[in-house]
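Subject: The structure, and what turned up in it

Hi,

Here is the structure I promised to pass on. Have a look at it first, and then read on for my notes.

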Amino acid sequence: MQFGKGNVLGYWPGSLFSYLSESASMIQWGGEVVNSASDGQHTTTQMGSGHFPEEGFGKSSYFRNVQIVDGSNSLRAPKDIDTFTEQPNCYDVQTGKNDGWGSYIYYGGPGRNANCP
């Protein structure tokens with residue numbers, strides 16, 4: 001995994017995965033905020049910048065030019081991206097694609113707020 005040119009975040013060799021040594025049929029990206037609700041309310045822990053995806057560029061956190069390495073070792077945009085969130089009033093996610101950014105993912109949220117008690 002890398003971002004930009006030469007900023008390597010990590011590498012996971014096929015030998016670590018007994019049934020994925022050759023290929024995968026699905027890739028998942030995700031985030032998690034643990035909420036013990038110890039005070040009876042949702043945590044105030046924010047995800048990303050603390051802004052919802054619909055607030056867009058300059059507010060919400062994002063990944064852009066998301067690409068995967070296919071079976072021929074070529075970079076390509078992922079197909080059929082689905083999203084899922086358990087608490088959309090606390091945190092959310094949106095995907096899109098355009099010529100300037102390629103495939104992108106906006107994500108985040110403030111945690112506890114008026115709509116996420």
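Let's start with Ser103. Leaving aside its neighbours within four places in sequence, Ser103 is in contact with Phe63, Arg64, Asn65, Val66, Ala77, Pro78, Gly96 and Lys97. Before you read too much into any of this, keep in mind that the model is predicted. Ser103 belongs to strand E7. Is Ser103 buried or exposed? Its relative accessible area is 4%, and because the cut-off for buried is under 20%, Ser103 counts as buried.

Now for the strand around it. E7 covers residues 102-108 and pairs with strand E6, residues 92-98, in the antiparallel sense, over 7 bridges. The two strands make a hairpin, with 3 residues between them. If you want a spot to find your bearings in that pairing, try Gly96, which stands opposite Tyr104 in E7. Gly96 is also one of the contacts of Ser103. As a reminder, side chains in a regular strand alternate between the two faces of the sheet.

Next, another serine. Ser61 sits in strand E3, which runs over residues 61-63. With a relative accessibility of 13%, Ser61 is buried too. Which residues does Ser61 touch, apart from neighbours within four places in sequence? They are Gly48, Ser49, Ile105, Tyr106 and Tyr107. Ser49 deserves a closer look: its backbone nitrogen is 2.8 Å from a polar atom of the Ser61 side chain.

Tyr107 comes up again with Gly56. That glycine is in the loop between strand E2 (7-8) and E3, and at 13% relative accessibility Gly56 is buried. Gly56 and Tyr107 are 51 residues apart along the chain, and their C-alpha atoms are separated by 9.3 Å.

On to the charged side chains. How many salt bridges does the structure hold? There are 2. One is between Arg112 and Asp39, with the closest N and O atoms 3.3 Å apart. Arg112 is in the segment after E7 and Asp39 in the loop between E2 and E3, so this pair ties together parts that are 73 residues apart in sequence. Both partners have some access to the outside: Arg112 is partly exposed at 28% relative accessible area, and Asp39 is partly exposed at 48%.

Arg76 and Asp70 also meet in a salt bridge through their side chains, at 3.9 Å from N to O. Since a salt bridge needs the nitrogen within 4 Å of a carboxyl oxygen, the 3.9 Å of this pair qualifies. Arg76 is partly exposed, at 33% relative accessibility, and Asp70 is partly exposed as well, with a relative accessible area of 23%. In general, side chains of opposite charge can pair when their charged atoms come close.

Last, the surface. A nonpolar patch there is formed by Met1, Phe3, Leu9, Trp12, Leu16, Phe17, Ile27 and Trp29, which together have about 880 Å² of accessible area. Phe3 from that patch lies in strand E1, residues 2-3. Its relative accessible area is 48%, so Phe3 counts as partly exposed.

That's what I have for now. Shout if you'd like to go through any of it together.

Cheers

Key
Residues numbered from 1 in each chain as written. Predicted model: local features only at pLDDT ≥ 70, side-chain atom pairs only at ≥ 80, totals over all residues. Heavy atoms only, no water. Helix = DSSP H or I, 4+ residues; strand = E, 2+ residues; numbered from the N terminus. Buried < 20%, exposed > 50% of the residue type's maximum accessible area, 1.4 Å probe, protein only. Polar contact = N/O pair within 3.5 Å; in protein donor to acceptor, adjacent residues only side chain to side chain. Contact = heavy atoms within 4.5 Å. Patch = residues over 30% accessible without salt bridge, like charges linked within 9 Å, V, L, I, M, F, W, Y side chains within 5 Å. Areas by Shrake-Rupley, 256 points an atom, 1.4 Å probe, with all protein chains shown as cover. Pairing = 2+ DSSP bridges.
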